[in-house]
Amino acid sequence: MYPQTNDNNERLEFLGDAILHTIVSDYLYRTHEHAEEGELTQLRTCIENRKNLNAIAHAIGLDKYIKSNTNLNGNDIPGNALEALIGAIYLDKGLNVCEKFVQKQIIYKKTANTNSSKNDKQHLDQWCNSHKCTYEFVTLKDDITPDNRHNFVVAIRINGKEITQAAGSTKKEAEQTAAGKALRFLNKHSKQIT
């Protein structure tokens, strides 16, 4: 049984900050096999920065449950509350559930929201590696349009199941667009795959 706390979330925030740091570090270590320490630190800082945590807290509606005498916009209270929530999830449900929450609500959303589409294939590769899934790009169509331009249609299959399709004037463009669509799908429906 864990000790009861008062209305102040600072102890949970302290714990949640440490848990978040550990989960993000572990994820980056496993999915960026060739990255040096400096690059890993930079990536972790990008995910854990207060602006990102504040935005995620607002996005999941956590700000509606915060009791505060100050305006929640423009300060770090929502991000602090998100760290406290992570601490509470860890205490109540354990590390595995907490890890899934952090990956879905923080790591993958940061990837999907802040990285340009030219990196989407790399992030899809990282997601599939971390979830021990196989994936492939399948060219469904390679046509020449009436105005003499290429039209490629590419599908992405994960564990043999088609997830999405996308078109582009080059094969690479179609693959990048499909990868971005696949990441957005996985952010919402990963249980259908893993």
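**Figure 1. Lys132, a loop residue with a positive phi.** In this predicted model, Lys132 is exposed, because its relative accessible area is 76% and the cut-off for exposed is over 50%. The residue belongs to the loop that runs between H6 and strand S1 (135-144). Its phi is positive, about 55 degrees, although Lys132 is not a glycine. For context, most residues other than glycine have a negative phi.

**Figure 2. Asn159, in the loop between S2 and S3.** Here is another residue that is not a glycine but has a positive phi, in this case about 50 degrees. Asn159 sits between strand S2 (150-158) and S3. With a relative accessibility of 41%, Asn159 counts as partly exposed.

**Figure 3. Thr164 within strand S3.** Strand S3 covers residues 161-168, and Thr164 is one of them. Is Thr164 buried or exposed? Thr164 is buried, because its relative accessible area of 10% falls under the 20% cut-off. If you set aside the neighbours within four places in sequence, the contacts of Thr164 are with Val154, Ala155, Ile156, Ala178, Lys181 and Ala182.

**Figure 4. Ile19 of helix H1 and its partners from elsewhere in the sequence.** Ile19 is part of helix H1 and counts as buried, at 11% relative accessibility. Which residues does Ile19 touch, not counting those up to four places away in sequence? They are Ile86, Tyr90 and Cys98. Gly87 is worth finding in this view too: its C-alpha is 7.0 Å from that of Ile19, while 68 residues separate the two in sequence.

**Figure 5. Ile47 in helix H2 and Val24.** Helix H2 spans residues 37-48 and includes Ile47. Ile47 has a relative accessibility of 7% and counts as buried. From C-alpha to C-alpha, Ile47 and Val24 are 7.9 Å apart, with a sequence separation of 23 residues.

**Figure 6. Helix H3, from its start to the glycine that follows.** Begin at the start of H3, where a side-chain oxygen of Asn49 comes within 3.0 Å of the backbone nitrogen of Lys51. Along the helix (residues 50-59), the buried residues are Asn52, Leu53, Asn54, Ile56 and Ala57. After H3 comes Gly61, with a positive phi near 80 degrees.

**Figure 7. Gln105 of helix H5.** Gln105 lies in helix H5 and is buried, because its relative accessible area of 15% is under the 20% cut-off. Beyond its neighbours within four places in sequence, Gln105 is in contact with Ile56 and Ile60. Ile56 also appears in the previous view, as one of the buried residues of H3.

**Figure 8. The largest pocket and its lining.** This pocket holds about 690 Å³ of space. Its lining has 24 residues, and those closest to the centre are Glu99, Lys100, Gln103, Tyr108 and His131. Which elements give two or more residues to the lining? They are helix H1 (10-31), helix H5 (95-114), helix H6 (120-130) and helix H7 (171-189). H5 gives the most, with six residues. Sorted by class, the lining comprises five nonpolar, ten polar and nine charged residues.

**Figure 9. Confidence along the model, with a closer look at residues 114-118.** The average pLDDT of the protein is 84, and 87% of the residues score at least 70. Among the elements, helix H4 (residues 77-93) has the highest mean pLDDT, 95, and H5 has the lowest, 81. Over residues 114-118 the pLDDT is below 50, and the model gives this stretch five contacts beyond near neighbours in sequence. Where pLDDT is low, please do not read the predicted coordinates in detail.

**Figure 10. The whole chain, to place the close-ups.** The protein has seven helices and three strands. Read from the N terminus, the order of elements is α-α-α-α-α-α-β-β-β-α. Of its 194 residues, 37% count as buried. Among contacts between residues at least 6 apart in sequence, 47% join residues at least 24 apart.

How values were computed
Residues numbered from 1 in each chain as written. Heavy atoms only, no water. Helix = DSSP H or I, 4+ residues; strand = E, 2+ residues; numbered from the N terminus. Buried < 20%, exposed > 50% of the residue type's maximum accessible area, 1.4 Å probe, protein only. Contact = heavy atoms within 4.5 Å. 1 Å grid on protein atoms, 1.4 Å probe; cavity = no way out; pocket = protein on both sides within 12 Å on 5 of 7 lines; lining within 4 Å. Points joined across faces, edges and corners; volume = space filled by probe spheres on them. Nonpolar A, V, L, I, M, F, W, Y, C, P; charged D, E, K, R; others polar. Polar contact = N/O pair within 3.5 Å; in protein donor to acceptor, adjacent residues only side chain to side chain. pLDDT = per-residue confidence, 0-100.
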